[in-house]
Amino acid sequence: MSIDWALIRLKATAEYLQLVEEIKPVQGFLLDLQGYTLMLLAEEGPGAGSIVEIGSFMGKSTCWLARGAKRAQREKVYAIDPFTGSPEHQSGGICEVSVIAEDGSTFPMFEQNIRALGVLEQVVPIVARSEDAARDWHGPIRLLFIDGDHSYEASKLDFDLWSPFVVPGGIIVFHDIGEWEGVTRFYNEHVITDPRYKQLLNLYSMCVVVKSAS
Ligand SMILES: C[S@@+](CC[C@H](N)C(=O)[O-])C[C@H]1O[C@@H](n2cnc3c(N)ncnc32)[C@H](O)[C@@H]1O
């Protein structure tokens, strides 16, 4: 038994609850604990290189990632999204988003949110589809978060185009595994079975894998 250990755990819990309160106003598709996981990976994760997010929407995951990177004075977060929503977010879609139906873009809300959360300078938005952004990308990535179009084909394209940039020992995070058919099938067929990747965590549909160091 150690009171010091109890105090460390209490401090971490209080910090978590404080961050959840701050980021709560940002609309998005992420559980609090998943956001906290992204923050810890951005702050403490292995390797050196950029942090790249595919699918930023209104910036919820971006804020968590950027908070972590900022605290550790580490790399910028490149937030890639055309900001026009996925098929399910459009008018009449199963997750219709009013701001997309009305304004056609989540970018103004995204920008407002990253400013309000104090991470404007930590984030580099790239207003493009991931497949277009990949053509101009160069440089190592130490943390890749894939949360764009969840169809099988788009998930495969995101992975095929971006995973080669991930450094050995770097991390790739997938969202909505087990929730969306396309990305789940892709993950089970191509990632879990690939000896170069090892799953570290499956947290309520967020799967974290590490790329082999060799
Ligand atoms: C599920 S939302 C992302 C949620 C966000 N990560 C959060 O924390 O709330 C999916 C996003 O992917 C974007 N998207 C769809 N197709 C894309 C593509 N080809 N490249 C990049 N982003 C894409 C959509 O515009 C949408 O904002």
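The structure holds 14 aromatic pairs. The model is predicted. The tour takes one of those pairs as its opening stop.

**Stop 1: Tyr152 and Phe186**

Select Tyr152 and Phe186 and show their rings. The ring centres are 6.4 Å apart and the planes stand at 80 degrees, so this is an edge-to-face pair. The cut-off for that label is an angle over 60 degrees. Now colour by secondary structure. Tyr152 belongs to helix 7 (residues 152-162), while Phe186 belongs to helix 8 (residues 181-191). The pair therefore ties together parts that are 34 residues apart in sequence. Are the two residues buried or exposed? Both Tyr152 and Phe186 are buried.

Widen the selection. Add Phe159, Phe174, Tyr187 and Tyr197 to Tyr152 and Phe186, and you have one aromatic cluster. Next, show Arg185. What does its charged end sit over? The ring of Tyr152 lies beneath that charged end, with 4.1 Å from the ring centre to the charge.

**Stop 2: helix 7 against helix 8**

Keep the view and switch to a cartoon of the two helices. Helix 7 and helix 8 pack with their axes 7 Å apart, at an angle of about 45 degrees. The two helices are therefore oblique to each other. Their crossing is right-handed.

Bring up the side chains where they meet. From helix 7, select Tyr152, Ser155, Lys156 and Phe159. From helix 8, select Gly182, Val183, Arg185, Phe186, Glu189, His190 and Val191. Tyr152 and Phe186 from the first stop are among them, and so is Arg185, the residue with its charge over the Tyr152 ring.

**Stop 3: helix 1 against helix 3**

Move to helix 1 (residues 3-23) and helix 3 (residues 60-71). At what angle do their axes cross? The crossing is at roughly 135 degrees, and the axes come within 11 Å. Helix 1 and helix 3 are therefore oblique to each other. This crossing is right-handed.

Show the residues that meet here. Helix 1 brings Glu15, Leu19, Val20, Glu22 and Ile23. Helix 3 brings Lys60, Cys63, Trp64, Arg67 and Arg71.

**Stop 4: Gly59**

Step back along the chain to Gly59. It sits in the loop between strand 1 (50-54) and helix 3. Gly59 has a relative accessible area of 0%, so it is buried. Which residues does Gly59 contact, leaving aside its neighbours within four places in sequence? Select Val26 and Phe110: Gly59 is in contact with both.

Then draw a distance from Gly59 to Gln18, C-alpha to C-alpha. The two are 18 Å apart in space and 41 residues apart in sequence.

**Stop 5: Gln73 and Phe83**

Finish with two backbone angles. Select Gln73, in the loop between helix 3 and strand 2 (77-80). Its phi is near 50 degrees, a positive value in a residue other than glycine. Is Gln73 buried or exposed? Gln73 has 75% relative accessibility, so it counts as exposed.

Now go to Phe83. This residue lies in the loop between strand 2 and helix 4 (98-103). Phi of Phe83 is near 60 degrees, again positive in a residue other than glycine. Check its surroundings too. Phe83 is at 0% relative accessibility, so it counts as buried. Show both residues together to end the tour: Gln73 is exposed, whereas Phe83 is buried.

Key: Residues numbered from 1 in each chain as written. Predicted model: local features only at pLDDT ≥ 70, side-chain atom pairs only at ≥ 80, totals over all residues. Heavy atoms only, no water. Phe/Tyr/Trp six-rings, centres within 6.5 Å; stacked < 30°, edge-to-face > 60°. Helix = DSSP H or I, 4+ residues; strand = E, 2+ residues; numbered from the N terminus. Buried < 20%, exposed > 50% of the residue type's maximum accessible area, 1.4 Å probe, protein only. Lys NZ or Arg CZ within 6 Å of the ring centre and 35° of its normal. Axes fitted to C-alpha atoms, helices over the stretch in contact; angles between N-to-C directions. Parallel < 35°, antiparallel > 145°, perpendicular 65-115°, else oblique. Left-handed = near helix turned anticlockwise from the far one by under 90°. Contact = heavy atoms within 4.5 Å.
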